[in-house]
Amino acid sequence: MKHIQRSFAGLVLALTVMSSTIWAQAPLLQVGDPTPKIAINDQHEKPWLIPADTKLILFSGSRNANTIVQSVLTQKGVDYLSSKKTVYFSDLSKMPGFITKTFALPSMRDLPYSVGIILNSEDSKGWPREEDAVTAILLSQGKIAKIEYIKNAESLQQTLDQQ
């Protein structure tokens with residue numbers, strides 16, 4: 001009987017921990033939510049924010065997604081993103097710090113456009129993502145109007161052309 005009681009107590013404890021973990025996670029952004037707020041730095045360690053007039057947010061949460069964005073944007077001019085009322089940020093929090101500081105950030109400093117950089121995984125909680133896809137969040141009147149997942153450079157260029 002004591003074995004059953006211990007097993008039951010263990011099960012209750014496990015369920016309590018699991019449910020508190022689920023509740024503690026930030027909810028994913030959804031259509032209808034207000035324009036998200038995020039305060040991070042860019043690749044030059046300058047403050048990076050989402051301006052009030054932004055129409056499109058591009059978010060890459062993986063190396064492949066980052067490659068898609070860079071393949072399109074490196075062909076554009078310095079003012080391309082701002083002319084499209086678009087901002088771009090990338091989650092580098094899963095990358096080892098040494099690699100980020102020694103290789104990733106120095107190479108990103110050569111980019112002709114601003115990239116918001118997430119170094120702390122807490123800053124990317126709540127941002128929707130799919131494996132190897134760029135998250136495109138379209139904004140209208142201060143709210144999220146649409147969330148798309150872009151898996152290639154051609155689709156990203158089409159999305160940018162619509163801005």
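**Salt bridges and pockets in a predicted model**

Trainee: Which side chain does lysine 146 meet in a salt bridge?
Mentor: This is a predicted model, and in it the nitrogen of lysine 146 sits 3.0 Å from an oxygen of its partner. That counts as a salt bridge because the cut-off is 4 Å. The partner is glutamate 148.

Trainee: Is glutamate 148 buried, partly exposed or exposed?
Mentor: Start with the other half of the pair: lysine 146 has 43% relative accessibility and counts as partly exposed. For glutamate 148 the figure is 21%. Buried means under 20% and exposed means over 50%, so with 21% glutamate 148 is partly exposed.

Trainee: What is the N to O distance between lysine 125 and glutamate 122?
Mentor: Their side chains form another salt bridge. Lysine 125 is partly exposed at 41%, and glutamate 122 is partly exposed too, at 48%. The N to O distance in this pair is 3.1 Å.

Trainee: And which glutamate meets lysine 151 in a salt bridge?
Mentor: Here the N to O distance is 3.6 Å, which is within the 4 Å limit and therefore qualifies. The partner's side chain belongs to glutamate 130.

Trainee: How many residues apart are lysine 151 and glutamate 130?
Mentor: Look at where each one sits: lysine 151 is in the loop between β7 (143-150) and α5 (153-161), while glutamate 130 is in the loop between β5 (116-118) and β6 (134-140). The pair links distant parts of the chain. Glutamate 130 is partly exposed, with 35% relative accessibility. Along the chain, the two residues are apart by 21.

Trainee: What does the salt-bridge count come to?
Mentor: We've gone through some examples, among them lysine 146 with glutamate 148 and lysine 151 with glutamate 130. Under the 4 Å rule, the count comes to six.

Trainee: Let's switch to leucine 111: buried or exposed?
Mentor: Leucine 111 lies in the loop between α4 (97-108) and β5. Its relative accessible area is 12%. The cut-off for buried is under 20%, so leucine 111 is buried.

Trainee: How far is the C-alpha of leucine 111 from that of threonine 74?
Mentor: Setting aside residues up to four places away in sequence, leucine 111 touches Gln43, Gln70 and Thr74. Threonine 74 is 37 residues away along the chain. Their C-alpha atoms are separated by 6.9 Å.

Trainee: On to the pockets: which element gives the most to the lining of the largest pocket?
Mentor: That pocket holds about 360 Å³ of space. It is lined by 17 residues, with Arg63, Asn66, Leu92, Met95 and Ala104 closest to its centre. The elements that each supply at least two residues are α2 (63-73), β4 (86-91) and α4. With four residues, the biggest contributor is α4.

Trainee: How many residues of the lining of the largest pocket are polar?
Mentor: The lining splits by class into six nonpolar residues and four charged ones, plus the polar group. That polar group numbers seven.

Trainee: Which element supplies the largest share of the lining of the second largest pocket?
Mentor: This pocket has a volume of about 200 Å³, and Pro51, Leu81, Ser82, Thr86 and Val87 lie nearest its centre, out of 13 lining residues. By class the lining has seven nonpolar, four polar and two charged residues. Both α3 (80-83) and β4 supply at least two residues. The largest share, three residues, comes from β4.

Key: Residues numbered from 1 in each chain as written. Predicted model: local features only at pLDDT ≥ 70, side-chain atom pairs only at ≥ 80, totals over all residues. Heavy atoms only, no water. Buried < 20%, exposed > 50% of the residue type's maximum accessible area, 1.4 Å probe, protein only. Contact = heavy atoms within 4.5 Å. 1 Å grid on protein atoms, 1.4 Å probe; cavity = no way out; pocket = protein on both sides within 12 Å on 5 of 7 lines; lining within 4 Å. Points joined across faces, edges and corners; volume = space filled by probe spheres on them. Nonpolar A, V, L, I, M, F, W, Y, C, P; charged D, E, K, R; others polar.
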